[in-house]
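Colleague: I am new to this structure and would be grateful for a close look at the ligand site. Could you please describe the site and then continue into the strands and loops of the protein?

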Amino acid sequence: MKFPTEQLNKLRTPFYYYDEEVLQQTLATIQEEMANYPAYEVHYAVKANANDRILRRICQAGLGADCVSGGEVKAALKAGFPADKIVFAGVGKADWEIELGLENDIFCFNVESVPELEVINQLAEAKGKIARVAFRINPDVGAHTHVHITTGLAENKFGISMRDMEYVIRLAQNMQHVRFIGLHFHIGSQILEMDDFTALSLRINELQDRLEASGIMVDNINVGGGLGIDYQCPELHPVPDFKSYFQTYATHLRLRPGQKLHFELGRAVVGQCGALISRVLYVKQGTDKQFAIIDAGMTDLIRPALYQAHHAIRNLTSDEPAQTYDVVGPICESSDVFDKQIALPATHRGDLLALLSAGAYGEIMASRYNCRELPQAHFSSDQI
Ligand code: LLP
């Protein structure tokens, strides 16, 4: 990611800064890979970043959209995603959200429970429609990631258990206003070990064999998202390893003829193109450490406080010899800490810091706690 420091220095902080070249490179890499796999379709997980300009770029690159709320479905439609490329997931879809999906004829509802299936069938009947549904099956596959973002284990709230798979499919097949079109899975987020995706593929093979034996054909397999990014050295790896990721599925997942394989990637698409830019307010000497107190807080980027996530921090305006700092925000919470005991060039009031790899689950998770303003967004192609 490149930073036009002089221009950025004129802007009111904190704000998100997006390097459109990095986004473009990432999308181009996905498109190149897709050319090798005609049965694959990538949907962008809108939850990672729903900034309208970002959504439009992604839509122009030909990706579909994976939504988890009515608000996200609206944002995707507004940005131009065709309804037949929108999938809609979530354990708790409200009636109005289901109706919105039905009215727009979205491609598929990823259904997570029998009561939800029944409500979709009723609401579709009232509208004289047939809803396409896929069942989210909980594959009981662990992922090597943070406990808050693993979702595929037996005890998670997500999905339908493998044991009930045939039962729910038969149920759907006997309903008049839903059409069963596929299986959906998702094992977690920020996954860097390809073995985890191999384990999911093998589990899907098992389930498909089981279904085939009972005469059930599946048109679509959706493996969710989860491909991680390099938070440690983002400058070395601005574009995630999509090649190995798609290759892993190509090697291990046995697709049936005519079957489509869908992906729902969020973080890997937008994570590295965004940074949170913040100004140093004070450098405070503690008893045995020094704090760089910055004007961005956990309200702007909650990942460190919520998941103990690491975001590399760079001082854009100082190149003096390094010193050690705890970088903290202004919010009245002791978890409002971005990093501890890190080396930064000697840092002074007024310096600009960049918190890298903040394009995913950054801006979109911002809150107004402490009555703060939401952070603005600026783009590399803006005239600043
Ligand atoms: N599909 C489903 C069903 C999901 O639940 C998620 C993410 C995705 C796709 C996209 O996953 P990705 O490719 O971005 O890993 N706020 C957390 C991440 C929560 C992820 C929730 N589900 C964070 O900041 O790390």
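**The ligand site and the strands beyond**

Modeller: A nitrogen atom of the ligand lies 2.7 Å from an N or O atom in the side chain of E264. The model is a predicted one. On the oxygen side of the ligand, a polar side-chain atom of S189 lies 2.4 Å from an oxygen atom of the ligand. The backbone also takes part: a polar backbone atom of R267 is 2.8 Å from an oxygen atom of the ligand. The protein covers 91% of the 590 Å² of accessible area that the ligand has on its own. Two elements give two or more residues each to the shell around the ligand, namely β10 (260-265) and α11 (303-307).

The shell as a whole can be described next. The ligand is surrounded by 19 residues, and the closest are S189, E264, R303, Y307 and Y361. By character, the shell holds six nonpolar, seven polar and six charged residues. Where does the ligand lie with respect to domain 1 and domain 2? Domain 1 (5-13 + 272-379) and domain 2 (20-269) both give residues to the shell, and the ligand therefore lies between them.

From the site, the account passes to the strands, beginning with β12. Four of the five residues of strand β12 (residues 290-294) are buried, so the strand is largely enclosed by the rest of the structure. Strand β11 (residues 274-285) pairs with β12 in the antiparallel sense, over five bridges. These two strands form a hairpin with four residues between them, and within the pairing Q290 of β12 is the bridge partner of Q285. Strand β12 is also joined to strand β14 (residues 322-328) by three bridges, and here the strands run parallel. In that pairing, I293 stands opposite V328 of β14, and F291 stands opposite D326 of β14. Strand β14 is joined in turn to strand β15 (residues 337-345), with six bridges between them and an antiparallel course. There, A322 stands opposite P345 of β15.

Returning to β11 leads to another pairing, with strand β1. Four bridges join β1 to β11, and these strands run antiparallel. Y16 stands opposite L276 of β11. Strand β1 pairs with strand β17 (residues 376-379) as well, in the parallel sense and over four bridges; in β17, A377 is the bridge partner of Y16. Residue Y16 thus has a counterpart in β11 and another in β17.

The side chains of β1 (residues 15-18) deserve a word of their own. F15 and Y17 point one way from the strand, Y16 and Y18 point the other way, and all of them are buried. In a regular strand, side chains alternate between the two faces of the sheet. The approach to β1 has a feature of the backbone: a cis peptide bond joins T13 and P14, with omega about -5 degrees. P14 is found in the loop between α1 (5-8) and β1.

Two further loops have backbone features to note. Most residues other than glycine have a negative phi, and most peptide bonds are trans. Q190 has a phi near 55 degrees, a positive value in a residue other than glycine. Q190 lies in the loop between β8 (178-184) and α8 (194-213). Is Q190 buried or exposed? Its relative accessible area is 15%, and Q190 is therefore buried, the limit for that class being under 20%. D105 likewise has a positive phi, near 55 degrees, and is a residue other than glycine. D105 lies in the loop between α5 (95-103) and β5 (108-111), and with a relative accessible area of 40% D105 is partly exposed.

One more loop completes the account. S113 has its place in the loop between β5 and α6 (114-126). S113 counts as partly exposed, at 23% relative accessibility. A polar atom of the side chain of S113 lies 3.3 Å from the backbone nitrogen of E116. S113 and F158 are 45 residues apart in sequence, and their C-alpha atoms are 9.0 Å apart in space.

Note on methods: Residues are numbered from 1 along each chain as its sequence is written. This is a predicted model: local features need pLDDT of at least 70, side-chain atom pairs count only at pLDDT 80 or more; totals for chains, interfaces and linings use all residues. Side-chain values use heavy atoms; hydrogens and water are left out. A residue is near a molecule or strand if one of its heavy atoms lies within 4 Å of it. A polar contact is a pair of N or O atoms within 3.5 Å; within protein, one must be able to donate a hydrogen and the other to accept it, and residues adjacent in sequence count only if both atoms are side-chain atoms. Accessible areas come from the Shrake-Rupley method with a 1.4 Å probe; for residues, only the protein chains shown count as cover. Ala, Val, Leu, Ile, Met, Phe, Trp, Tyr, Cys and Pro count as nonpolar, Asp, Glu, Lys and Arg as charged, and the others, Gly among them, as polar. Domain bounds come from an automatic or database domain assignment. Buried means under 20% relative accessible area, exposed over 50%, partly exposed in between (1.4 Å probe, protein chains only). Two strands pair if DSSP finds at least two bridges between them.
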